[in-house]
Amino acid sequence: MDPMPKTLKWLNRITVVLFLIALYLTLFYAPREAVMGDVQRVFYFHVSAGWVGGLAFLVTAIAGGVYLARRNSRWDRLALASVEVGMVFAFINIVSGSIWARPVWNTWWTWDPRLVTATIMELLYLAYLMLRQGIEDPDRRARFGAIYGIAAFISVPITFFSIRFFRTIHPVVIGSSDPTAQGTFDMTSRMLMAFMFSLLTFTFIYITLLWHRIRLSNLRERVEGRKLDVLSA
Amino acid sequence: MQPLSILLQEAPADTFGYMLLGLGVILGTMALYIVSLVSRLNNLHRDLEVLDQVEEQQMGAGD
């Protein structure tokens with residue numbers, strides 16, 4: 001396999017440093033929230049993971065559109081890699097939210113619009129991965145993935161706006177909450193700093209993991225090609 | 001509306017354990033994904049090595 005590009009090596013290092021700083025800001029720099037206590041610190045990574053999930057699925061939709069226009073398998077590999085990384089972060093978002101909810105809402109789970117739409121979004125992309133595996137022909141698989149990736153993206157804005165359009169107990173930290181929301185808090189400047197830095201850090205983590213995942217796809221394609229060569233020899 | 005018990009409390013709720021659990025799940029999930037990437041990469045490298053050996057054998061048999 002091609003050696004790791006220098007830029008990726010540097011990206012690895014920068015991402016690790018950023019993550020350590022984000023962890024420090026979250027645990028020690030940001031103050032303890034006055035009502036919820038320490039569990040509120042989960043919020044910084046919880047929202048950042050949700051952001052990365054949405055960003056990853058947006059990249060999948062765009063890559064799908066470009067694939068349909070150009071029919072270059074590179075875009076299909078990007079779309080697939082982005083779904084996989086996005087699913088990891090959407091999962092982190094849902095589970096960390098559930099852990100935050102236990103002491104604040106007194107339950108691990110409730111049928112709130114945000115929780116339901118986020119879970120449906122995750123399941124839609126899980127179906128993307130499963131359905132792709134059932135298609136043998138690479139061109140058909142890529143075409144299906146592109147169309148599905150574009151269509152499934154509708155779940156991202158629905159999830160984002162669910163707490164702004166529907167009656168919900170999920171807090172809206174940026175913007176105004178429903179009066180029935182539980183766990184709302186005003187961010188101090190230190191909290192805002194930790195929050196913005198976490199968003200930046202998770203974006204770097206996404207780019208780094210995406211790059212590694214694409215390299216994995218490239219290697220897999222090379223191995224599949226070699227297998228065909230060996231079988232046909 | 002906040003539950004009454006939260007409004008009456010004088011100090012922040014003791015939710016340190018939940019914070020640890022939350023951060024543990026976040027870090028653990030990311031670590032698992034990285035391990036999965038590395039493991040899949042190693043498997044593909046192994047496949048490539050096997051393919052190299054098979055190709056060498058095929059070339060040897062053809063001579």
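Tutor: Let's start with a term: a salt bridge here is a side-chain nitrogen of Lys or Arg within 4 Å of a carboxyl oxygen of Asp or Glu. Keep in mind that this is a predicted model.

Student: Okay, then which residue of chain A forms a salt bridge with B:Glu55?

Tutor: The closest N and O atoms of that pair are 3.2 Å apart, and the cut-off is 4 Å. The pair therefore counts as a salt bridge under the 4 Å rule. The chain A partner of B:Glu55 is A:Arg226.

Student: Which three residues supply the most of the area that chain A buries against chain B?

Tutor: Take the total to begin with: chain A and chain B bury about 3,500 Å² between them, with 74% of it on carbon and sulfur atoms. Of the area that chain A buries against chain B, 16% comes from one trio, more than from any other three residues. That trio is A:Leu216, A:Arg226 and A:Val230.

Student: And which element gives the most residues to the side of chain A that touches chain B?

Tutor: The contact takes 46 residues from chain A and 34 residues from chain B. Between the two chains there are 3 salt bridges and 9 residue pairs in polar contact, both residues at pLDDT 80 or more. On the chain A side, the elements giving two or more residues are H1, H2, H3 and H7. With 13 residues, the one that gives the most is H7(A).

Student: Now the inside. Which helix gives the most to the largest nonpolar core?

Tutor: That core has 64 residues, and those touching the most other members are A:Tyr44, A:Phe45, A:Phe89, A:Tyr125, A:Phe202, B:Ile26 and B:Met30. Helices H1, H2, H3, H4, H5 and H7 of chain A, together with H2 of chain B, each supply at least two residues. The one that gives the most, with 15 residues, is H3(A).

Student: Which chain B residues does A:Phe202 contact?

Tutor: Leave aside its neighbours within four places in sequence. Within chain A, A:Phe202 is in contact with A:Phe19, A:Phe45, A:Ser48, A:Ala49, A:Val52 and A:Phe89. From chain B, the contacts are B:Ile26 and B:Met30.

Student: How many residues apart in sequence are the parts that A:Arg213 and A:Glu84 tie together?

Tutor: The two form a salt bridge, with the closest N and O atoms 2.9 Å apart. A:Arg213 lies in helix H7 and A:Glu84 in helix H3 of chain A, so the pair ties together distant stretches of sequence, 129 residues apart. A:Arg213 is buried at 2% relative accessible area, and A:Glu84 is buried at 12%. The separation in sequence is 129 residues.

Student: Is A:Asp38 buried or exposed?

Tutor: A:Asp38 meets A:Arg32 in a salt bridge at 3.4 Å, N to O, and A:Arg32, A:Asp38 and A:Arg41 are linked in a network of salt bridges. A:Arg32 is partly exposed at 48% relative accessibility. The relative accessible area of A:Asp38 is 9%, and the cut-off is under 20%, so A:Asp38 counts as buried.

Student: Last one: what separates A:Glu224 and A:Lys227 along helix H7 of chain A?

Tutor: Their side chains meet in a salt bridge at 4.0 Å, N to O. A:Glu224 is partly exposed at 40% relative accessible area, as is A:Lys227 at 32%. Because they sit 3 residues apart in helix H7 of chain A, the separation is about one helical turn.

Note on methods. Residues numbered from 1 in each chain as written. Chains lettered and ligands numbered in written order. Predicted model: local features only at pLDDT ≥ 70, side-chain atom pairs only at ≥ 80, totals over all residues. Heavy atoms only, no water. Core = buried A, V, L, I, M, F, W, Y, C linked by side-chain atoms within 4.5 Å. Buried < 20%, exposed > 50% of the residue type's maximum accessible area, 1.4 Å probe, protein only. Helix = DSSP H or I, 4+ residues; strand = E, 2+ residues; numbered from the N terminus. Contact = heavy atoms within 4.5 Å. Buried area = accessible area lost by both parts, 1.4 Å probe. Polar contact = N/O pair within 3.5 Å; in protein donor to acceptor, adjacent residues only side chain to side chain.
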